[in-house]
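Please look through the sequence and the structure shown here before reading on. The report is meant to be read alongside them, one section at a time.

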Amino acid sequence: VGIGHWGPNLVRSLENTGKARVIWLCDLSQERLEAVGRKYPDARITSDSNEILRDKSVDAVVISTPTVTHFKLAREVLEAGKHVLVEKPLATSSDQVETLTRLAREKGKILMVGHIFEFNSTVIELKRLINSGELGKIYYLNFERTNMGPVRTDVNALWDLATHDISILYFLFDRDPLEITASGESFLNDKIEDAVFATFRFQEGPVAHIHASWLFPRKVRQITVVGDKKMVIWDDLDLNSPIKIFDVKRYPDDEKIPNETFLGYKMLGLSEEFSPPVEQNEPLRAECEHFLDCILSGQFPQTDGYNAYRVVKALEAATKSMKNGSTAIPIGYKVSI
Ligand SMILES: NC(=O)c1ccc[n+]([C@@H]2O[C@H](COP(=O)([O-])OP(=O)(O)OC[C@H]3O[C@@H](n4cnc5c(N)ncnc54)[C@H](O)[C@@H]3O)[C@@H](O)[C@H]2O)c1
């Protein structure tokens with residue numbers, strides 16, 4: 001349901017798994033239905049998602065519509081007793097995520113959110129590098145997700161773009177930050193922030209900074225991890241060497257100069273970059289495959305309701321901070337889902 005810009009990628013990936021057949025395509029736009037429908041002549045087309053829900057031969061529905069429509073559509077799918085994969089962010093409030101999570105449990109159906117980067121082999125390698133201790137103590141991380149467009153009007157750049165970075169951050173460290181501060185500016189549309197800056201502080205480090213914008217002259221998809229032994233740049237747009245590692249070195253190798261002095265820092269440098277070979281995968285296909293495997297096995301997906309809940313809670317805290325002059329908002333909640 002929803003075959004605009006992103007939906008067709010989901011259709012293709014689902015079919016490519018060889019584990020599912022796409023039998024319906026749904027969109028409000030007749031033009032999109034005809035354009036995508038031509039590529040999948042075996043699939044029926046409709047502009048009414050209820051038609052799909054009434055079809056008993058449908059096991060699962062994938063939702064790739066604008067964010068503000070996710071909750072209503074996902075609830076209808078679960079109420080109809082079908083599994084559902086929903087694009088990110090799962091919903092526009094943590095209450096909505098709770099409702100969907102409970103409903104999925106009551107109905108015994110899979111609810112999964114498309115936090116695609118958790119299925120990206122190079123992000124998985126970045127997590128391995130951090131956890132292995134190879135980088136040393138992690139001081140801070142910098143996330144950049146910018147481009148010229150696509151400009152959304154239903155949600156701001158925080159909910160649209162930074163959702164990815166927050167889900168990666170939680171995936172890398174598997175714990176909640178202590179507090180979040182954020183600021184954002186609306187240039188193109190009133191009250192819809194096009195450029196957002198958010199900072200996440202964890203107990204005993206690290207600090208993570210996120211810059212997300214759809215109003216920026218260059219497409220950037222980067223994460224920089226600064227450790228006291230090594231530093232890493234992860235670049236999603238570099239198809240040859242997405243991960244580059246730099247050794248923190250002393251020049252010259254003079255042990256007598258203490259690190260923490262000004263001279264000591266002047267003597268620090270970086271080694272030549274090193275790009276470890278990383279087997280790359282098709283993250284969207286891996287995500288779709290995981291969804292289908294969970295349906296077949298009955299296991300909870302990695303990006304389940306709870307996973308979505310943490311990310312949406314962080315988005316809510318960042319929103320609150322943006323509205324309150326960038327005050328720090330603590331992340332504290334009791335998980336009841
Ligand atoms: N995982 C990713 O990397 C990624 C990338 C891009 C977009 N997305 C997500 O995918 C979703 C869609 O984004 P997009 O860029 O394709 O948006 P889009 O506006 O290009 O497409 C959305 C489509 O949904 C259709 N639609 C709206 N309401 C509908 C309804 N009730 N029933 C049926 N169809 C309906 C619209 O007609 C449109 O064709 C968003 O949630 C976005 O956050 C994810």
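The sections below deal with the ligand and its surroundings, then with some unusual backbone angles, and finally with a few single residues. The model is a predicted one, and the values in this report should be read with that in mind.

## The ligand and its shell

The ligand is found in the largest pocket, where 20 residues surround it. Among these 20 residues, the ones that come nearest to the ligand are His5, Trp6, Asp27, His70 and Lys88. When the residues of the shell are sorted by type, 6 are nonpolar, 8 are polar and 6 are charged.

Three side chains can be described through a polar atom that lies a short way from an atom of the ligand. In Lys88, a polar side-chain atom is 2.8 Å from an oxygen atom of the ligand, and in Ser64, a polar side-chain atom is 3.5 Å from an oxygen atom of the ligand. In Glu87, by comparison, the partner is a nitrogen atom of the ligand, and the polar side-chain atom lies 3.3 Å from it. Taken alone, the ligand would expose 860 Å², and the protein buries 82% of that area.

## Two cis peptide bonds

Most peptide bonds are trans, and most residues other than glycine have a negative phi. With that background in mind, which form does the peptide bond from Lys88 to Pro89 take, cis or trans? The bond is cis, and its omega is near -20 degrees. Pro89 belongs to the loop that runs between strand 4 (83-86) and helix 5 (94-107), while Lys88, on the other side of the bond, is one of the residues that come nearest to the ligand.

The peptide bond from Gly149 to Pro150 is also cis, with an omega near -10 degrees. Pro150 is placed in the loop that connects strand 6 (138-148) with helix 7 (157-173).

## Two residues with positive phi

Glu204 is not a glycine, and yet its phi is positive, near 55 degrees. The residue lies in the loop between strand 8 (195-201) and strand 9 (207-213). Because its relative accessible area is 75%, and exposed means over 50%, Glu204 counts as exposed.

Ser326 is likewise a residue other than glycine with a positive phi, here near 65 degrees. Its place is in the loop between helix 10 (305-323) and strand 14 (329-330). With a relative accessible area of 33%, Ser326 is partly exposed, since that class covers the values between the 20% limit for buried and the 50% limit for exposed.

## Helix 3 and the loop before it

Helix 3 spans residues 49-54 and contains Ile52 as well as Arg54. Are these residues buried or exposed? Ile52 is buried, because its relative accessible area is 6% and buried means under 20%, whereas Arg54 is exposed, with a relative accessible area of 58%.

Asp48 lies in the loop between strand 2 (44-46) and helix 3, and this residue is partly exposed, at a relative accessible area of 34%.

Separation along the chain and separation in space can be set side by side for these three residues. Ile52 and Arg221 are 169 residues apart in sequence, and their C-alpha atoms are 36 Å apart. Arg54 and Trp159 are 105 residues apart along the chain, with 32 Å between their C-alpha atoms. For Asp48 and Leu28, which are 20 residues apart along the chain, the C-alpha atoms are separated by 7.4 Å.

## Ser297 in helix 9

Ser297 is part of helix 9, which covers residues 283-297. Its relative accessibility is 46%, so Ser297 counts as partly exposed. A polar atom of its side chain lies 3.2 Å from the backbone nitrogen of Gln299.

How far apart are the C-alpha atoms of Ser297 and Leu85? They are separated by 16 Å, although the two residues are 212 residues apart along the chain.

Terms used:
Residues are numbered from 1 along each chain as its sequence is written. This is a predicted model: local features need pLDDT of at least 70, side-chain atom pairs count only at pLDDT 80 or more; totals for chains, interfaces and linings use all residues. Side-chain values use heavy atoms; hydrogens and water are left out. A residue is near a molecule or strand if one of its heavy atoms lies within 4 Å of it. A polar contact is a pair of N or O atoms within 3.5 Å; within protein, one must be able to donate a hydrogen and the other to accept it, and residues adjacent in sequence count only if both atoms are side-chain atoms. Accessible areas come from the Shrake-Rupley method with a 1.4 Å probe; for residues, only the protein chains shown count as cover. On a 1 Å grid over the protein atoms alone, a cavity is a set of points where a 1.4 Å probe fits but cannot get out, and a pocket is an open set with protein on both sides within 12 Å along at least five of seven lines; lining residues have an atom within 4 Å of a point. A molecule sits in a cavity or pocket if more than half of its atoms lie within 2 Å of its grid points. Ala, Val, Leu, Ile, Met, Phe, Trp, Tyr, Cys and Pro count as nonpolar, Asp, Glu, Lys and Arg as charged, and the others, Gly among them, as polar. Helices (H or I, at least four residues) and strands (E, at least two) are DSSP runs, numbered from the N terminus. Buried means under 20% relative accessible area, exposed over 50%, partly exposed in between (1.4 Å probe, protein chains only).
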